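Hi everyone, thanks for making time this morning. I'd like to walk you through one structure, so let me put it on the screen.

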Amino acid sequence: MDVSSPRFKEKAVIALANPTLRQALGQSRKGFVNKRAELVAALPEFEALRDQARDVKNHVLENLDHYLERFDSAVTAAGGHVHWARDAEEARNIILGICERVQARTITKGKSMVSEEVNLNAALEERGYTVVETDLGEYIIQLAKEPPSHIIAPAIHKTKEQVSDLFEAAHGGPRKTTVADLVTEARLVLRDKYFKADVGITGGNYLVAETGSSIIVTNEGNGDLTQTLAKVHIVTSGIERIVPTLEDVSLFLRILARSATGQETETYTTLSTGPRRPGDVDGPEEFHVVLVDNGRSKMLGGKFQDMLRCIRCGACMNHCPVYGAVGGHAYGWVYPGPMGSVLTPLFVGLDATYDLPNACTLNGRCQSVCPVRIPLPELLRELRHQQHQRGISPPVQRRALGVWRFVAERPGLYQFANRLAARALKSLGGREGRLRHLPFAGGWTALRDLPAPEGKTFLELWQARKT
Amino acid sequence: MPRVGLFATCLMNLFRPTVGFAAARLLEDAGCTVEVPMAQSCCGQPGYNSGDFDAARALAKQVITAFEGFDYVVGPSGSCMATLRHDYPKLFEGDPAWRPRAEALAARSHELLSFLTDVCGVSKVAAAYTGTVTYHDSCSGLRGLGVKAQPRLLLGSVEGLQLTEMQDAEVCCGFGGTFCVKYPEISGRMVDDKLANVAATGADTLLGGDLGCLMNMAGRLRRQGSTLKVFHTAEVLAGMATGGGIGEGER
Ligand code: SF4
C-alpha cells in the first residue's frame with residue numbers, strides 16, 4: 001500500500017470538512033466506547049486480566065525464538081507448513097508461489113491486517129487471481145477500492161447509504177436500504193464464492209505454540225467458511241502474535257471482544273490445526289502459516305518492544321479524539337489511530353511520517369483502555385525524541401525550542417520577559433480582555449481568542465506582597 | 001506546619017496570577033506555610049513533549065534544585081505536576097546523581113486539589129459561588145494523577161454552587177500544548193465537541209484544573225461570542241472567582 005502519511009495534515013483537513021464521515025464515525029465509535037464501558041464495569045477482574053495479558057505477552061516477547069520454534073514444530077507435526085517472511089516482498093512471493101502451485105483461480109480472504117500491510121491483494125490481482133474479501137467491512141471497501149480506515153471495522157467511515165450505493169452498483173438492483181437487507185445480499189453473493197475458492201487466506205488472532213493452532217475470531221463466520229471450504233488455507237500473521245498455550249488464549253479471548261467491539265465474546269472463535277485429517281468431514285487439503293517479520297524483530301529489545309504486545313483490538317482508536325475527528329484514512333497507511341501512529345513510523349520510516357507522532361495531545365485515553373497496557377503516549381513521545389535527534393522536526397520548531405530553553409534556563413531573564421509579555425498582551429487585549437489576532441500565534445488565533453493576562457506576573461505580585 | 005513550595009506554572013504566572021493566590025490561600029487555610037522560590041521558570045514539559053529531552057532535563061534540574069528544601073511541592077496544574085511526578089524520574093534514568101534527587105522530588109510533588117484532600121485531609125472549603133458549574137477533567141491530572149473525585153468533593157462544599165456533569169467530561173479538550181497551534185483544525189473540532197457538551201449541561205460556568213485547557217476552551221467560547229464564565233477550580237474554592245472569568249476582560 002502506498003504511504004500517504006506525508007499528507008496527513010491535508011487529508012485531515014479534508015476529512016474534517018466531510019459531514020458524511022463525521023456522521024459515520026460518530027455513531028459507531030460511540031457504540032464501541034459505551035458498550036466497552038458497560039462490560040468492563042460488569043467484570044470486576046478486568047483490570048487484573050489486563051495485567052495478566054500484559055505479562056503473558058511480555059513473557060512471549062522475551063522468549064519469542066523459543067515459542068516460534070515450538071509453534072513451527074507443532075504445525076509441522078499436525079501436517080501443516082510454516083513459512084518465514086522477512087519482509088513484505090517475501091510474504092507476497094510465498095503466497096503467490098502457493099497459489100501458482102495449486103493453480104488457483106479464485107481466492108477468498110478473511111480479514112487480515114497483515115495482508116494489508118504486505119499489500120497482498122494488489123499482488124494477487126496483478127497475477128490475474130480473483131480475490132474476494134469476505135469480511136463484510138473488507139468487502140465494502142474492496143468494492144469502493146479504498147484501504148481500511150479502522151483495524152477491526154474497516155468500513156467504519158461508510159454510512160449505510162453509501163453501502164447501498166456500492167451494492168447497487170456492484171450487484172445490480174433492486175437497491176437495498178436496510179442493514180438486514182444489505183447483509184443478506186452480501187451473504188448471498190459471497191456464499192457462492194466460498195465454494196468456488198481454491199485458496200482461502202485468513203489472518204490469525206492467536207498462534208498457539210503448544211498446539212500449532214491458529215485462531216481467528218469473527219462476528220460473521222466468514223473466516224470459517226473461508227478457511228474450511230477452500231482447498232488450501234493460508235494464515236498470514238505477524239511473528240509476535242504467538243501465545244504459549246490454549247489456556248492463555250482463553251485469557252485473551254476475555255479481553256479482546258470486550259475491548260474491541262464491547263461484546264463479551266465474538267460470535268465465532270475458530271481454531272485451525274493442520275489440514276484435513278483422514279476421516280475429517282471437511283477442512284482444507286493444505287494448511288500454511290506465513291509468519292511475517294517485516295520490521296518486528298527490530299523492535300525486540302528496544303524502546304518500542306512494548307508495541308509488539310498489541311492484539312489489534314482497535315480500542316485505542318475508538319477512544320482517540322484525534323482519530324474521531326479525522327478518521328483512519330488521514331493516517332496514510334494500514335494502521336491508523338494511536339497504535340498506527342507508533343507502528344507506521346517504525347515500519348515505513350520516520351521521514352515520511354512526521355505528523356503521526358505529533359498529531360496527538362498525549363491525553364492518554366488510549367493507554368487507559370489498551371487491554372495489554374501499551375504506554376502509547378510514551379512511545380509517541382519517544383518517536384518525537386528520535387525525530388528531534390535526527391533533525392526531522394521542522395527548523396522553526398527547533399529554533400523556537402532553542403530560544404525557549406535559553407530563556408527558561410535563566411529564571412531572572414525568564415521573569416523579565418514574562419513581565420514584559422504580561423504588560424504588552426494586557427494592553428493589546430484592551431477592555432475586552434482578549435486578543436483576536438496575534439502575530440506568530442496564527443495557529444491559536446485562527447479559531448480562538450487569546451485570553452489576555454491580568455497585567456502583572458504572579459512572581460512579581462507575590463514578591464510585592466511579601467515585602 | 002508543612003512547608004510547601006508553590007510551583008508557579010508558566011501560564012498561571014503570565015496569564016492568571018489570581019490562580020496562584022487562590023492556591024496559596026487554600027494551602028494556608030489547610031495549615032501550610034507557603035513559599036514561592038524565585039529561581040523557577042518552567043517545568044520543561046514543552047521541551048519534553050517536543051522530543052527535546054536535553055532541554056527538559058536542563059529545566060528539570062533547575063526545578064529539582066529550587067524545590068529541594070521543601071516538605072512538599074504543590075502546583076495548580078495536573079499537567080505540570082504530572083511532569084514532576086512521573087517524567088522527571090524517567091528523564092534521569094541511569095543517572096546516579098540526579099535520579100535519586102528526581103525521585104525524591106517526585107514523591108513530594110502534588111497537584112493542588114489532590115494535595116488538599118489526600119494529603120492535608122481537607123474535605124470542605126469556606127467559599128460561596130452563585131451559579132451552575134460544570135467541570136472538565138483535564139487529561140494529565142485525571143489519567144496521570146488520579147484527579148477526579150477531589151475537585152468534586154471540594155466543589156460540593158461551596159455554598160450556592162451547583163455542579164452538573166457534562167457528557168464525556170474525561171475526553172480531551174484539544175489543547176495538548178503545542179498540538180493546538182500545530183494542528184489547529186483538529187484541535188478546533190475537539191474543542192467544539194467539548195463545548196457542545198458543556199453547553200448541553202446548561203451550566204453558566206466552566207471549571208477545570210489546568211490553565212492550558214481552560215484558555216483553549218475560554219478562547220474558543222469568546223470567539224463564538226459565548227458569555228459562559230470560565231474559572232480555574234482553585235479560584236472558586238478560594239472564593240476568588242469574583243472578577244471577570246478567563247478571557248473576560250476588566251476584573
Ligand atoms: S495498541 Fe492496545 S488498544 Fe490499540 S489496538 Fe493494540 S492492543 Fe488494542
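**A walk through chains A and B**

Let me begin with a single residue, A:S297, which is partly exposed, with a relative accessible area of 35%. This is a predicted model, so please keep that in mind for everything that follows. A:S297 belongs to helix α13 of chain A, which covers residues 296-299. If you look from A:S297 across to A:V179, the C-alpha atoms are 42 Å apart, and the two residues are separated by 118 positions in sequence.

Now let's step back and take in chain A as a whole. Its 467 residues are 57% buried, and the chain holds 23 helices and 12 strands. The C-alpha trace spans about 95 × 55 × 45 Å along its principal axes. As for the surface, chain A exposes about 19,500 Å², with carbon and sulfur atoms supplying 53% of that area.

How is chain A divided into domains? Domain 1 runs over 7-297 and domain 2 over 411-466. A:S297, where we started, is therefore the last residue of domain 1, given those bounds. The C-alpha centres of the two domains of chain A lie 54 Å apart. On contacts, take the pairs in chain A that are at least 6 apart in sequence: 73% of them join residues at least 24 apart.

Let me point out a second residue, A:H59. You'll find A:H59 in helix α3 of chain A, residues 46-62. Is A:H59 buried or partly exposed? With a relative accessible area of 38%, A:H59 is partly exposed, because buried would call for under 20%. A:H59 also makes a nice pair with A:E378: the two are 319 residues apart in sequence, and their C-alpha atoms are 21 Å apart in space.

Next, the backbone, and two spots in chain A for those of you who like to check phi angles. A:Q103 has a phi near 50°, a positive value, and it is not a glycine. A:Q103 sits in the loop between α5 (88-101) and β2 (106-109) of chain A. The relative accessible area of A:Q103 is 67%, so A:Q103 counts as exposed, the cut-off being over 50%. The other spot is A:N119, again not a glycine, with a positive phi of about 60°. A:N119 is in the loop between α6 (113-117) and α7 (120-126) of chain A. A:N119 is partly exposed, at a relative accessible area of 29%.

On to the ligand. Which residues come closest to the ligand? They are A:C310, A:C313, A:G314, A:C316 and A:C370, out of 15 residues that surround it. Sorted by class, that shell has 13 nonpolar residues, one polar and one charged.

Let's turn to where the two chains meet. In this interface, 69 residues of chain A are in contact with 72 residues of chain B. Together the chains bury about 6,100 Å², and carbon and sulfur atoms give 61% of it. On the chain B side, B:Y183, B:R189 and B:R223 supply 11% of the area that chain B buries against chain A, more than any other three residues.

Chain B has domains of its own: domain 1 is 3-119 and domain 2 is 128-237. Their centres, taken over C-alpha atoms, are separated by 22 Å. The contact takes 24 residues from domain 1 of chain B and 21 from domain 2 of chain B. Between these domains of chain B, about 1,700 Å² is buried, and 73% of that comes from carbon and sulfur atoms.

I'd like to finish with two helices of chain B. The first stop is α6, residues 98-108, where B:W98, B:A102, B:L105, B:A106 and B:R108 are buried. Those buried residues of α6(B) pack against α4 (53-66), β3, α5 (78-91) and β4 of chain B.

Then comes α7 of chain B, residues 112-119, which is mostly covered, with six of its eight residues buried. Which six are they? The buried ones in α7(B) are B:L112, B:L113, B:S114, B:F115, B:L116 and B:T117. Their packing partners in chain B are β1 (3-6), α2 (17-29), β3 (72-75), β4 (109-111), α9 (149-155) and α13 (233-237).

That's my tour, and I'm happy to go back to any part of it.

Note on methods
Residues are numbered from 1 along each chain as its sequence is written. Chains are lettered from A and ligands numbered from 1 in the order in which they are written. This is a predicted model: local features need pLDDT of at least 70, side-chain atom pairs count only at pLDDT 80 or more; totals for chains, interfaces and linings use all residues. Side-chain values use heavy atoms; hydrogens and water are left out. A residue is near a molecule or strand if one of its heavy atoms lies within 4 Å of it. Ala, Val, Leu, Ile, Met, Phe, Trp, Tyr, Cys and Pro count as nonpolar, Asp, Glu, Lys and Arg as charged, and the others, Gly among them, as polar. Helices (H or I, at least four residues) and strands (E, at least two) are DSSP runs, numbered from the N terminus. Buried means under 20% relative accessible area, exposed over 50%, partly exposed in between (1.4 Å probe, protein chains only). Contact means heavy atoms within 4.5 Å. Accessible areas come from the Shrake-Rupley method with a 1.4 Å probe; for residues, only the protein chains shown count as cover. Buried area is the accessible area (1.4 Å probe) that two parts lose on being put together, summed over both.
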